[in-house]
Amino acid sequence: MSDELGALNVAVLPGDGIGPEVVEQGVRVLKAVCEIRRRPLELLELDLGADRFLEDGISFPDAVAEEIRDNCDAVLLGALGDPRVPDLGYARDILFGLRFGMDLYANIRPVRCLHDSLMPLRGKG
């Protein structure tokens, strides 16, 4: 990457349960890659998830959606779901707010098949 590229702006939503632990490692990877590529990284840490919802009823405010849409290149989202919130409405608000509110059609996870025998779609390694 050239030095002309601006900072990579990533919204970070740690999620619930194991989500924050997984996202923490993802952030470490992002930082390492950006350092190797000499590209600045700006993280927008967002306090959204079950704890926030239980505290004040906030799920996915319009202002947060606008900030992500207008100022972020990517979103790093941890797993959502907490048994303290039986209907998971807050999680739906966040997921659907990201997917439909920003016209996203897919969750894309980078993967690499370690061996064809582990791939359910044989021969598609």
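**Cysteines.** I looked for disulfides in this predicted model, and the structure holds 0 of them. For my own reference, a disulfide is a covalent bond between the sulfur atoms of two cysteines. I then checked two cysteines for burial, where the cut-off is under 20% relative accessible area. Cys34 has 7% relative accessibility and therefore counts as buried, and Cys72, at 16%, counts as buried as well.

**The largest core.** Next I looked up where nonpolar residues gather, keeping in mind that in soluble globular proteins nonpolar side chains tend to be buried together. The largest nonpolar core has 16 residues, and those with the most contacts inside it are Leu13, Leu46, Leu48, Phe60, Ile68 and Ile94. I noted that S1, H3 and H4 are the elements that give two or more residues to this core, with H4 supplying the largest share, 4 residues.

**A second core.** Apart from that core I found another, made of 7 residues, and Cys34 is among them, along with Val10, Val12 and Val27.

**Helix H4.** Which residues of helix H4 are buried? Going along residues 89-99, I listed Gly89, Tyr90, Ala91, Ile94, Gly97 and Leu98 as buried. What covers these buried residues includes strand S1 (8-13) and strand S3 (74-77), together with helix H2 (50-56) and helix H3 (62-71).

**Ile94.** I ended with one residue of this helix and asked what Ile94 touches, not counting residues up to four places away in sequence. Its contacts are Leu13, Leu48, Gly49, Ser59, Phe60, Leu77 and Leu80; Leu13, Leu48 and Phe60 also appear, like Ile94 itself, among the residues with the most contacts inside the largest core.

Definitions and conventions
Residues numbered from 1 in each chain as written. Predicted model: local features only at pLDDT ≥ 70, side-chain atom pairs only at ≥ 80, totals over all residues. Heavy atoms only, no water. Buried < 20%, exposed > 50% of the residue type's maximum accessible area, 1.4 Å probe, protein only. Contact = heavy atoms within 4.5 Å. Disulfide = S-S within 2.5 Å. Core = buried A, V, L, I, M, F, W, Y, C linked by side-chain atoms within 4.5 Å.
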